[in-house]
Each structure stands twice: as structure tokens, then as C-alpha cells.
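Q: I would like a close look at a single part of this model, followed outward into the parts around it. Please take the sequence and structure below as the starting point.

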Amino acid sequence: MASNMAWGRLILILQFLLLSASTAAQNCRSVTLTASINTTAATINTTPPATQEALTDFLQQTTSPTLNFPTVLITGSTPLVKKYSISGKLCLPTGKSTGTLLFATHGLSFDHTYWEAGGPSSKFNFAASANAAGNAIFYYDRLGIGASAKPDGIKEVQSPVQVEVAHSLVTSIRAGALHQAFSKIIGVGHALGSVTTVGIAAKYPTDFDDIILTGFAGGDNVGILISLGAFGATIASQALKNANTPSNSYFAVGSFIDFQQGFLKYPFFDAATTNTIFNTRGTVTIGELTTLAIPASAPATDFTGRVLVVTGNNDHFFCAGNCAETVNGVTLPNVAAGLFPAASDFKSIVPLNTGHAINLHQSAPATFAAIQSWIAA
Ligand SMILES: *[C@@H]1O[C@H](CO)[C@@H](O)[C@H](O)[C@H]1NC(C)=O
């Protein structure tokens, strides 16, 4: 009798352990790293908008197809030697590890939570899918976002400066800053984070073994102008309760309507997940807007790793809603191959019924599985 009870208790304990193992497939911890940069930043001839009306005017001019506003605004370059505190998260697989680390950079209007959308067991959680496949992942708040440093939004938080910040982080990680050695580091970006990743492949071609560019394409900038025009750009301190931004040079998407216009394809996104992500959305700076595409404006001639582009068929920013559009017979996601003349392999995946923020759509599990099998190939 007593031994029967002990046996029953043992079975309960075993069941509990099995359950714990299947729900905790990840081992995550917060990590703060210091990015040291020594570069030149663009000298941008503007000041923080004094009012919302001045910000709207800035967006109006920036999104004109013919005013060529960013080029007019940049008058030179200025040395920028700084150290920034960058807040990130390291998630390791609890099972067998492949020794590969994904280094993930989010895009405009997000923070690091884009890579863990929906929480630990959500099908929209990219980090969990990476861990389930045996890969480690580091994802972080870009400079100016969330718990990372928020310096001057015109002179410092610029698109090419994000490249320097990410390069510094990768250099530290390769030198052991995460107290762990990795056999491979793969750069993963979304949107502006993909532009950052291309910039690293161009300027520091040995930082990443392979790169994965999500929400990214080439050949048509009409979608960027439409989507930024429909951004509803609102001064960050007015748009967000806890923006904690240093000046009016930081702004945010105005409403969920604006967010849907640029980032989502109806009715294929998850309402609860997208609402949470929208309510805690990241900011954008005047400096980033003015220098947006610079890191991806020239080919990464010395990058010899593999390149994967993963862009929703309805991506509004990079394809103006239609990634089947072609330039000289080449679809827009494949036009991006022109940036990588020395890559060992180039492939694109175009999930259907999917907008710019691919992780937030019903297609996410299939997309994540395709990405993880490409990594393993
Ligand atoms: C920054 O780079 C310049 C040029 O390479 C160098 O002369 C200078 O010593 C560097 N500054 C710091 C603080 O590392």
C-alpha cells in the first residue's frame, strides 16, 4: 500500500518534469552590453520640431518623391566617438544546441519584443522557434529604443550609427561578452534592422557567417514613401505614455490604423498580438529617417556567406503591397540579390497573405520553420 503511494507520487513527479521540459524549451536572460563606436555621423541641417505641425511638415517634405529632402538636409559629416548602453536578451535552447547564434535587429516602430511576439509559448515567437531548432538567439533594443541609451535623435541616432552599434556588439560577442562561444553567428534583421544587417555585411564582411533579411526587398521605393506618409508620425512623448524620449526628434506611429497601413495584411494578422506590440511600439528619430537607406545603398562586395530574404507578398514598405512586381523580369525580393555579388548562395521566400511585419501574421509558424531549415541546410 505504502509502496503504491510512493509509486504514484513518483509518476506525478515524472509527469511534472516532462511538462516542465516541454513548456520551457528556452532559457532566456536579460543582458546589457556596451557598444563602443568611433565613426562619423551625418551632419543634418535641422533642429527638433518645435510642434506636431512642424513634425508633420518634416514628414511631408521627406516623403516627397522629388524634393530629395534627405540629401538636401545632409551637409557633411561629424566625428562621433561614444559608448552606449544597449539592452538585450539572450535565449539559449534547453535541448541540444547547434552552436549557432542568431543576432537579431528589429525594425522601425518596434523594440526587441518583435522577436518574442505573443510571449513564451506563442506561435508568433520567433526566438522560441529558433531555440526549438537548437539555435541560440540574441536580440536587443536598437540605439534610441526601450531600455537602450536614448541619445540625440538628430546627431546620433542615425541609420549608419546603428550599423556601428551592432558591429560593436557582434565584436564583443565574438570576444566572449555573453560568456559563451558560438561556432557561427548569423545576422537576422527585420526592415530597418535588415538595412542595418546589410550595412554590416558591406562594411564588416566577416561579422556574420550568413544573413537573413526579413521585410526587405529592392527595386522600388514607392512603398517606403507611401508607408512613411501613412505613418501618422506623432511626437513620441505625445503618442506614448512611457516614451521617456529626450526631445521632439523622437516620434512614433500615430494610431493602429496607421500601423495596419504600413505593417499588416488584413485579415491575416492576430488581433491580440498586434495590439500588444502596437501599444508598446518603438520610436523613430529624425536622424534615422534622414539617413534611412544609406547602409543598404551600396553592394556588400566582400560578403561571402549565404543570404536569405524573407518578405511577405503584401509588404507595403518594400514592395508597395505587391512583392510579385518585377524589375527587368526580377521580383523585388530577388532584386536584393544584386547587393551581394560575392555571396555563396542567395534565396528568397515570399509568404502569401503576409504584410511587412511577417512575425505577426498567421503564416508565421510556416515562415519560421522555413527559416530554421534554411539555417540548418
Ligand atoms: C577613433 O579613430 C581615429 C581614426 O582611426 C583614431 O585616430 C582615434 O584614436 C580613435 N579614437 C578612439 C577614442 O578610439
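In which helix is the place of Pro365?

A: The model is a predicted one, and in it Pro365 has its place in helix 14. With a relative accessible area of 34%, Pro365 is partly exposed, since values between 20% and 50% are classed that way. The C-alpha atom of Pro365 is separated by 29 Å from that of Gly338, a residue 27 positions away along the chain.

Helix 14 covers residues 364–376 and lies across strand 3, strand 5, strand 6 (210–214), strand 10 (306–310) and strand 13, and the helix runs at about 175 degrees to strand 10. To place these contacts, it helps to turn to the sheet itself. Eight strands make up this open sheet, in the order 1-2-4-3-5-6-10-13, and their pairing is mixed. Strand 1 (26–44) and strand 13 (345–349) are the edge strands, and because each has a single partner strand, one side of each is left without a neighbour in the sheet. On average, and with direction ignored, neighbouring strands here are turned by 20 degrees against each other.

Another helix that packs on this sheet is helix 5 (residues 159–174), which touches strand 1, strand 2 (74–93), strand 3, strand 4 (136–140) and strand 5, and whose direction makes about 135 degrees with that of strand 1. Strand 3 and strand 5 are thus named among the contacts of helix 5 and also among the strands that helix 14 lies across. These two strands, strand 3 at residues 100–105 and strand 5 at residues 184–190, run parallel and are joined by six bridges, with Thr105 standing opposite Gly189 of strand 5.

Strand 10, against which the direction of helix 14 was given, deserves a closer description. Five of its five residues are buried, so strand 10 is largely enclosed by the rest of the structure. In a regular strand, side chains alternate between the two faces of the sheet. In strand 10, Arg306, Leu308 and Val310 point one way while Val307 and Val309 point the other way, and all of them are buried. On one pairing, four bridges join strand 10 to strand 6, and the two run parallel; here Val310 is the bridge partner of Thr214. On the other pairing, five bridges join strand 10 to strand 13, again in a parallel arrangement, and Val309 has Ser348 of strand 13 as its bridge partner.

The chain between strand 13 and helix 14 is a loop that contains Asn353. Although Asn353 is a residue other than glycine, its phi is positive, near 50 degrees, and with a relative accessible area of 39% Asn353 is partly exposed. A positive phi, about 50 degrees, is also found at Ala320, likewise not a glycine. Ala320 sits in the loop between helix 12 and strand 11 (326–327), and is partly exposed at a relative accessible area of 28%.

Helix 12 also leads to the largest pocket, since helix 3 (69–73), helix 6 (192–203), helix 7 (222–229), helix 11 (286–291) and helix 12 (316–319) each supply at least two residues of its lining. The volume of this pocket is about 890 Å³, and among its 39 lining residues the closest to the centre are Asn221, Ile224, Leu292, Ala293 and Ile294. By class, the lining comprises 24 nonpolar, 14 polar and one charged residues. The second largest pocket holds about 420 Å³ of space; 21 residues line it, and those closest to its centre are Leu240, Asn242, Ala243, Thr280 and Arg281. Its lining has five nonpolar, 11 polar and five charged residues.

Beyond the sheet of eight strands, there is an open sheet of three strands in the order 7-8-9, paired in the antiparallel sense. Strand 7 (234–235) and strand 9 (284–285) are its edge strands, each pairing on one side only. Two bridges link strand 8 (residues 250–252) to strand 9, and Phe251 stands opposite Val284 of strand 9. A further backbone feature is the cis peptide bond from Tyr266 to Pro267, with omega near 0 degrees; Pro267 is found in the loop between helix 9 (256–263) and helix 10 (271–279).

Key: Residues are numbered from 1 along each chain as its sequence is written. This is a predicted model: local features need pLDDT of at least 70, side-chain atom pairs count only at pLDDT 80 or more; totals for chains, interfaces and linings use all residues. Side-chain values use heavy atoms; hydrogens and water are left out. Two strands pair if DSSP finds at least two bridges between them. Axes are lines fitted to C-alpha atoms, for helices over the stretch in contact, and angles run from 0 to 180 degrees between N-to-C directions. Contact means heavy atoms within 4.5 Å. On a 1 Å grid over the protein atoms alone, a cavity is a set of points where a 1.4 Å probe fits but cannot get out, and a pocket is an open set with protein on both sides within 12 Å along at least five of seven lines; lining residues have an atom within 4 Å of a point. Grid points are joined across faces, edges and corners, and a volume is the space filled by probe spheres set on the points. Ala, Val, Leu, Ile, Met, Phe, Trp, Tyr, Cys and Pro count as nonpolar, Asp, Glu, Lys and Arg as charged, and the others, Gly among them, as polar. Buried means under 20% relative accessible area, exposed over 50%, partly exposed in between (1.4 Å probe, protein chains only).
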